[in-house]
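The following exercises are to be worked with the sequence and the model at hand. Each task is followed by a solution in steps.

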Amino acid sequence: MIDLTAVVSAQNLGLTFKTNDGDVVALSDVNLTIDKGEFVSFIGPSGCGKTTFLRTIADLEQPTSGTLTINGQSPENARKDRAYGYVFQAPALYPWRTIEKNIALPLEIMGHSKSQQAERVKRTMDLVNLSGFEKKYPWQLSGGMQQRASIARALAFDADLLLMDEPFGALDEIVRDHLNSELLKLWDRTKKTICFVTHSIPEAVFLSTKIVVMSPRPGRVTDIIESNLPRERPLDIRETPEFLAIAARVRDGLRAGHSYDEDHI
Ligand SMILES: Nc1ncnc2c1ncn2[C@@H]1O[C@H](COP(=O)(O)OP(=O)(O)OP(=O)(O)O)[C@@H](O)[C@H]1O
């Protein structure tokens with residue numbers, strides 16, 4: 001049953017791309033409910049449909065079967081309502097605009113007043129610890145800072161739902177650890193609902209209240225793991241037996257959905 005109180009509710013969701021080489025089944029029979037305030041990670045090998053699922057929530061792709069609602073409404077209406085912010089794999093900042101002007105761009109397009117823009121830019125830059133870098137250009141910032149700026153841009157809408165497609169994949173491990181901790185604090189402070197795509201088991205376990213394990217050909221959900229870790233998570237939680245037990249279950253789910261033979265033909 002479709003859950004109208006959920007932030008995201010997918011029922012028997014399918015999406016098949018028609019290509020010149022035939023049909024590509026990107027999503028098949030996906031059933032998933034995401035409640036308000038959850039942090040949900042999507043993990044699975046390349047091509048299992050993680051990005052497609054996020055893009056479908058964002059109304060950038062249309063499902064070919066099943067039902068999907070965002071805050072009880074269609075993805076199209078949710079998009080018109082500005083129900084979500086989207087953070088891409090690469091920071092995608094305009095090099096000719098300063099950081100504050102990059103963050104303000106969507107607000108500018110939406111017709112917010114200059115004072116509203118300034119207030120929101122200040123608030124979101126504070127949230128991602130970038131205060132003081134307003135007048136810098138993207139190339140003057142490190143990769144991690146650029147990605148924080150694009151998170152600020154997604155937050156500037158003040159949407160309750162944040163869609164993040166492997167935002168830290170290109171960063172080194174130390175920076176990634178730091179941003180993972182910062183993101184958890186931000187999530188705790190803002191009470192947002194977050195959908196987060198990753199390839200990293202420790203990242204998924206560290207961040208999430210729920211982990212959705214997916215497998216390719218066709219993109220299916222093979223396991224949904226509810227995490228019992230406390231909401232407050234220092235980095236060394238990754239060495240605890242509770243953490244390692246969840247990581248082992250994710251690994252099992254990934255293995256079960258993976259056909260190694262097929263890959264090596
Ligand atoms: N516009 C499109 N047209 C045709 N096929 C597509 C299109 N977009 C995605 N696909 C295919 O759909 C499948 C799922 O792709 P998707 O990008 O969602 O996977 P992913 O799990 O996010 O992968 P990655 O981890 O590499 O980002 C892949 O086989 C991909 O080639």
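For the residue classes used below, Ala, Val, Leu, Ile, Met, Phe, Trp, Tyr, Cys and Pro count as nonpolar, Asp, Glu, Lys and Arg as charged, and the others, Gly among them, as polar. The structure is a predicted model, in which local features need pLDDT of at least 70, side-chain atom pairs count only at pLDDT 80 or more, and totals for chains, interfaces and linings use all residues. Residues are numbered from 1 along each chain as its sequence is written.

**Exercise 1. The shell around the ligand**

Task: Describe the shell around the ligand by class, by residue and by element.

Solution.
Step 1. By class, the shell holds four nonpolar, eight polar and one charged residues.
Step 2. In total, 13 residues surround the ligand, and the closest are Phe17, Ala26, Ser46, Thr51 and Thr52. A residue is counted as near if its C-beta atom, placed from the backbone, lies within 6 Å of the molecule.
Step 3. Two or more residues of this shell come from each of β1 (8-19), β2 (22-34) and α1 (50-57). Helices (H or I, at least four residues) and strands (E, at least two) are DSSP runs, numbered from the N terminus.
Step 4. The element that gives the most is α1, with three residues.

**Exercise 2. The three-stranded sheet**

Task: Establish the strand order and pairing of the sheet that contains β1, and place α1 relative to this sheet.

Solution.
Step 1. The sheet is open, and its three strands follow the order β2-β1-β4 with antiparallel pairing. Two strands pair if DSSP finds at least two bridges between them.
Step 2. β2 and β4 (65-70) are the edge strands, each pairing on one side only.
Step 3. From one strand to the next, the twist averages 30 degrees. Axes are lines fitted to C-alpha atoms, for helices over the stretch in contact, and angles run from 0 to 180 degrees between N-to-C directions.
Step 4. β1 is joined to the antiparallel β4 by five bridges, and Ser9 stands opposite Thr69 in β4.
Step 5. α1 packs on this sheet, where it touches β1, β2 and β4, and its direction makes about 65 degrees with that of β2. Residues are in contact if their C-beta atoms, placed from the backbone, lie within 7 Å.
Step 6. Nine bridges link β1 and β2, which run antiparallel; the partner of Ala10 in β2 is Leu32. These two strands form a hairpin with two residues between them.

**Exercise 3. The six-stranded sheet**

Task: Give the order of the six-stranded sheet and identify helices that lie across its strands.

Solution.
Step 1. This open sheet has the order β5-β6-β7-β3-β8-β9, and its pairing is mixed.
Step 2. Its edge strands, β5 (84-87) and β9 (220-226), each pair on one side only.
Step 3. The twist averages 15 degrees from one strand to the next.
Step 4. β6 (residues 161-165) and β7 (residues 193-198) run parallel and are joined by five bridges; Leu161 stands opposite Thr193 in β7.
Step 5. α1 lies across β3 (39-43), β5, β6, β7 and β8 (210-215), at about 150 degrees to β7. Helix α8 (residues 241-256) lies across β3, β8 and β9, at about 170 degrees to β9.

**Exercise 4. The two domains**

Task: Locate the domains and characterise the side of domain 1 that touches domain 2.

Solution.
Step 1. The division is into domain 1 (36-63 + 71-83 + 161-265) and domain 2 (93-158), with bounds from an automatic or database domain assignment.
Step 2. Their C-alpha centres lie 25 Å apart.
Step 3. Ten residues of domain 1 are in contact with eight residues of domain 2.
Step 4. On the domain 1 side, helix α6 (residues 173-190) gives the most, with four residues.
Step 5. That side comprises eight nonpolar, no polar and two charged residues.

Note on methods: Two residues are in contact if their C-beta atoms, placed from the backbone, lie within 7 Å.
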